[in-house]
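Let us take a walk through this structure together, one pair of helices at a time. Please keep the 3D view open as you read.

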Amino acid sequence: MVRFESVGLSYAGAGGRAGPEVLHDLSFGVPPGAFRWLLGPSGAGKTSLLRLMYLAARPSRGRLSLLDTDIELASRRALVGLRRRIGVVFQDFRLLAHLSAYDNVALPLRLAGRPEGQIRADVGEMLRWTGLSRRVDARPAELSGGEQQRVAIARAVIGRPALLLADEPTGNLDDVQAERLMLLFGEMNRLGTTVVVATHNDRLVARHPAPALRLDAGRLDAGRLDADLLEP
Amino acid sequence: MARRVSLRPAGFDELGLRRALAGRMLPFLVAAMAFLAALGLAGWVGTAALAHHWQMGAAAALTVQVPRPTEDSRLDRVLALIQASPGISEARALSPKELAALLAPWLGTDTDTPALPLPGVIAVHLADPGMDTDALARRLEAIAPGTLVESHGVWVSRLAALARSLQACAGVALVVLAAIAAAVIAVATRAGLAARREAIEIVHGLGASDGYIAGRFAARTTALAATGALVGAVAATPALIVLAHLAAPFAGSAAGADTFGTLPPGLWMLLPALPLSAAAIGFVTAQATVRRWLRRLP
């Protein structure tokens, strides 16, 4: 499903030259249908690792394969197809400010060319489930932080992705909502979606024990690596 | 499949292009350029007609005027002598009707029986453009005193060359205008890309293809450019009609015909090409600009 082999990442620095490496020699695998926590202190590279997994960045070295596709060899068109099968909950939500909650959630389905009738049913159901059915027409600026986060979550899961990535998805949610979210992630995981959640929320991790990828200063913390992470 | 309604509700503007690609500035600029392009087209069509007209005159090369043509059948004798001379490919007397047409711009069309005594006119085509026309003039003067030989071919060909150069200038002006239009649309598109960068990255991340994003931009610029050019072309039409009116006598057509008739038919067909060309430039420029820009995204 997800396979990293000696992957390094450096962002372009000044003058288009490669900057310092932020991720070094990452080698691990996430089997299909698995659930993984992604843990580590701020600045450890969790967001960069997720960026590689949702194809916002490409490895500067090593091999990365996602959904059984080698990223290095994939065409641009193939990457478009992959992105449609990956749902992402961003730390800063990344909602489109000029669109209503409904249109934001409907966006992935519209980009995938689904018929409008099916979109209406799916988005309505999803907004009901996230408790936003009264805020359908509200724009992100009119929503609270928690509501925006729920819109972002709804947008990430509306297309029933094969791989679901979340970056601090509970940051703006209270404990009840965070539990509801974990319920949703658990449900999707049971239905076959591979889930990777980056978080600082230790209580959440304690309540939902699962194998974890621990990052420290851009490296996987091998000493605390769970055994089943080693086989790719 | 029957339930497969429209894929995207009309007016769904996920990239926020209605604000990012300003709805007034771009059409205004394109309208101004279309106005200039309409004038350029008129210049091109007009100078082409003049060049053609004068070119036909230049082919005659030599005009011989015989005063009092009927007296002693002077015209016939002059014509016979010219035809017998070496280096002449063709010589023929103009009929009174042709003469009237020639003088129409100055004397009007309703002068069937002019008050002035008109000379007989012989149009002569030379086989050898370099032949000594002075010698011919002296011989003609001898048999019919007062006969004038006018070699206007040089001047008319110079005028025709001038008209052709003007036509080329109009063509170059049109090409330059098209290039400026493309540049303006590229700048507007880039400004739109910069303004909507975040939205584009989000939509790209959600699985929008390059073609989809470029298509959204191109649809917007195509519509704005076509609208602008339509306005510009319509605004230029009255000016063109006035110009055509003024130019009509030089092209040998009768002045004062009905208003719409005065625009050359070629121009009537080319004016609708302005919005179409602007639309094409808008589409191609936006597609190329956006696709190139998107290459920076992984």
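A good place to start is chain B, where helix 3 and helix 5 cross in a right-handed way (a crossing is left-handed if the near helix is turned anticlockwise from the far one by less than a right angle, and right-handed if clockwise). Before going on, note that this is a predicted model, in which local features need pLDDT of at least 70, side-chain atom pairs count only at pLDDT 80 or more, and totals for chains, interfaces and linings use all residues. Residues are numbered from 1 along each chain as its sequence is written, while chains are lettered from A and ligands numbered from 1 in the order in which they are written.

Helix 3 (residues 74–84) and helix 5 (residues 133–143) of chain B pack at about 150 degrees, with axes 10 Å apart. Axes here are lines fitted to C-alpha atoms, for helices over the stretch in contact, and angles run from 0 to 180 degrees between N-to-C directions. Helix 3 of chain B is therefore roughly antiparallel to helix 5 of chain B (angles under 35 degrees count as roughly parallel, over 145 as roughly antiparallel, 65 to 115 as roughly perpendicular and the rest as oblique). Arg77(B), Val78(B) and Leu81(B) of helix 3 meet Arg139(B), Leu140(B) and Ile143(B) of helix 5, where a contact requires C-beta atoms, placed from the backbone, to lie within 7 Å.

Now step back to see chain B as a whole. Chain B has 10 helices and 4 strands; these are DSSP runs numbered from the N terminus, helices being H or I with at least four residues and strands E with at least two. Of the 298 residues in chain B, 35% are buried, meaning that 20 or more other C-beta atoms lie within 10 Å of a residue's own (exposed is 12 or fewer, partly exposed in between, with C-beta atoms placed from the backbone).

Further along chain B, find helix 10 (residues 273–294), whose 22 residues reach 31 Å from first C-alpha to last, close to the 32 Å expected at 1.5 Å a residue; that expected span is 1.5 Å times one less than the number of residues. Its buried residues include Leu274(B), Ile281(B), Phe283(B) and Val290(B). Helix 8 (residues 210–247) of chain B packs against helix 10 of chain B at about 150 degrees, with axes 7 Å apart. That makes helix 8 of chain B roughly antiparallel to helix 10 of chain B.

Pro275(B) is one residue of helix 10 of chain B to look at closely. Why is Pro275(B) called buried? Because 21 other C-beta atoms lie within 10 Å of Pro275(B). Pro275(B) touches Ala226(B), Ala229(B), Leu230(B) and Ala233(B), leaving aside residues up to four places away in sequence. The C-alpha atoms of Pro275(B) and Thr227(B) are separated by 7.1 Å, although the two are 48 residues apart along the chain.

Finally, turn to chain A. The axes of helix 3 (residues 101–111) and helix 5 (residues 145–157) of chain A come within 7 Å and cross at roughly 25 degrees. Helix 3 and helix 5 of chain A are therefore roughly parallel to each other. Their contact involves Ala101(A), Asn104(A), Val105(A), Leu107(A) and Pro108(A) of helix 3 of chain A, with Val151(A), Ala154(A) and Arg155(A) of helix 5 of chain A.

Technical notes
Two residues are in contact if their C-beta atoms, placed from the backbone, lie within 7 Å.
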